[in-house]
Amino acid sequence: MSHALSDPALAASAREFLLEELSQLGVDYLARRQIPQAPSMPDSLEQIQAEIAACQNCELACSRTQTVPGSGSASARVVFVGEAPGAEEDLQGQPFVGPAGQLLDKIIESGMGLRRADVFILNILKCRPPGNRDPLATEKQACTPFLQRQLHALRPDIVICLGRHAANYFIGSDLTLGQLRGRLHQSTSGIPILATYHPAYLLRTPSAKVDCWQDIQIAMNHLGLKRPGAAQ
Ligand code: SF4
């Protein structure tokens, strides 16, 4: 019995059945107030990934080579979020590959002392906008439910946003990266958010790497991580 009701669909059916029975007894209002909704269980990352692969919810489905759902550890404490896949990601179906991805790997490995396989890397959009143009508001609206479900499944300790578009999405603001970076924010769902520069920007502007390193140290302090090689 307890196994059956741990299935959200069965629990919801049971609730509806009870409400129907109580309704016939004239206690509908009371019943609806007193019988709790089944808690929403997160979908598995595999289930979400399968839905992304089949998604046709915006016009980017017509121009993509393949979807880029994200990759990493299902138990990651750290999630990196970029804006959208680029040309190389679109070809490989993997987030942050190519030179920007290699720099992100360096931040994760040499900077944080983690492996890429320890974290999860996502984009707000799962398909590449043609010519790497900025995503349209309608595309973000169509795609972000996938991101929300992925974060619901992952429940990370921190989300590190790469670039201002990703950060503004979580914080619900329209600020520059200079205004966003350098401190922790909180998403509307309560996840700590840190904003820093996109690796592609760091490749064009190496002087910004110092600021990025300061941001990463804020994340490491939050996570209780020591710099690789630092005395224990
Ligand atoms: S960008 Fe998102 S919403 Fe649009 S087709 Fe791709 S997966 Fe679907």
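## Who surrounds the ligand

Ala, Val, Leu, Ile, Met, Phe, Trp, Tyr, Cys and Pro count here as nonpolar, Asp, Glu, Lys and Arg as charged, and the others, Gly among them, as polar. On that split, the shell around the ligand comes out at 8 nonpolar, 1 polar and 2 charged residues. Keep in mind that this is a predicted model.

So much for classes; now the names. Around the ligand you'll find Cys55, Asn57, Cys58, Leu60, Ala61, Arg64, Lys126, Cys127, Ala142, Cys143 and Phe146. Two elements, α5 (60-63) and α8 (137-154), give two or more residues each to this shell. Helix α8 has the largest share, with 3 residues.

## The cavity

Where does the ligand sit? The space taken by the ligand is the largest cavity. The structure holds just 1 cavity of 30 Å³ or more, and the volume of the largest cavity is about 110 Å³. Lining this cavity are 15 residues, and the closest to its centre are Cys55, Cys58, Arg64, Cys127 and Cys143.

Helices α5 and α8 turn up again, as the elements that give two or more residues to the cavity lining. The biggest contribution is from α8, with 3 residues. By class, the lining of the largest cavity divides into 10 nonpolar, 3 polar and 2 charged residues.

## The largest pocket

Then there's the largest pocket, with a volume of about 620 Å³. Its lining takes in 28 residues, and Glu83, Ala84, Asn132, His198 and Ala200 lie nearest the centre. Four helices give two or more residues each to the lining of this pocket: α6 (87-92), α7 (98-111), α9 (164-171) and α11 (199-204).

What mix of classes does the lining of the largest pocket have? The tally is 14 nonpolar, 7 polar and 7 charged residues.

## The sheet

Six strands make up an open sheet: going across, the order is β1-β3-β2-β4-β6-β5, and the pairing is mixed. The edges belong to β1 (71-72) and β5 (184-186); each has a single partner strand, so one side of each is left without a neighbour in the sheet.

Further in, strand β2 pairs with β4 (residues 158-162) in the parallel sense, over 4 bridges. Strand β2 is also joined by 4 bridges to β3 (residues 120-123), and these two run parallel as well. Val81 is a handy residue to look for: its bridge partner in β4 is Cys161, and its bridge partner in β3 is Leu122. Moving along, β4 and strand β6 (residues 192-196) run parallel and are joined by 4 bridges. Ile160 stands opposite Leu194 in β6.

## A strand covered on both faces

Why call β2 largely enclosed by the rest of the structure? For strand β2 (residues 78-82), 5 of the 5 residues are buried, so the strand is largely enclosed by its surroundings in the structure. Buried here means under 20% relative accessible area.

In a regular strand, side chains alternate between the two faces of the sheet. Strand β2 is covered on both: Val78, Phe80 and Gly82 are buried on one side, and Val79 and Val81 are buried on the other.

Notes. Residues numbered from 1 in each chain as written. Predicted model: local features only at pLDDT ≥ 70, side-chain atom pairs only at ≥ 80, totals over all residues. Heavy atoms only, no water. Near = heavy atom within 4 Å. 1 Å grid on protein atoms, 1.4 Å probe; cavity = no way out; pocket = protein on both sides within 12 Å on 5 of 7 lines; lining within 4 Å. Sits in = over half its atoms within 2 Å of the grid points. Points joined across faces, edges and corners; volume = space filled by probe spheres on them. Buried < 20%, exposed > 50% of the residue type's maximum accessible area, 1.4 Å probe, protein only. Pairing = 2+ DSSP bridges.
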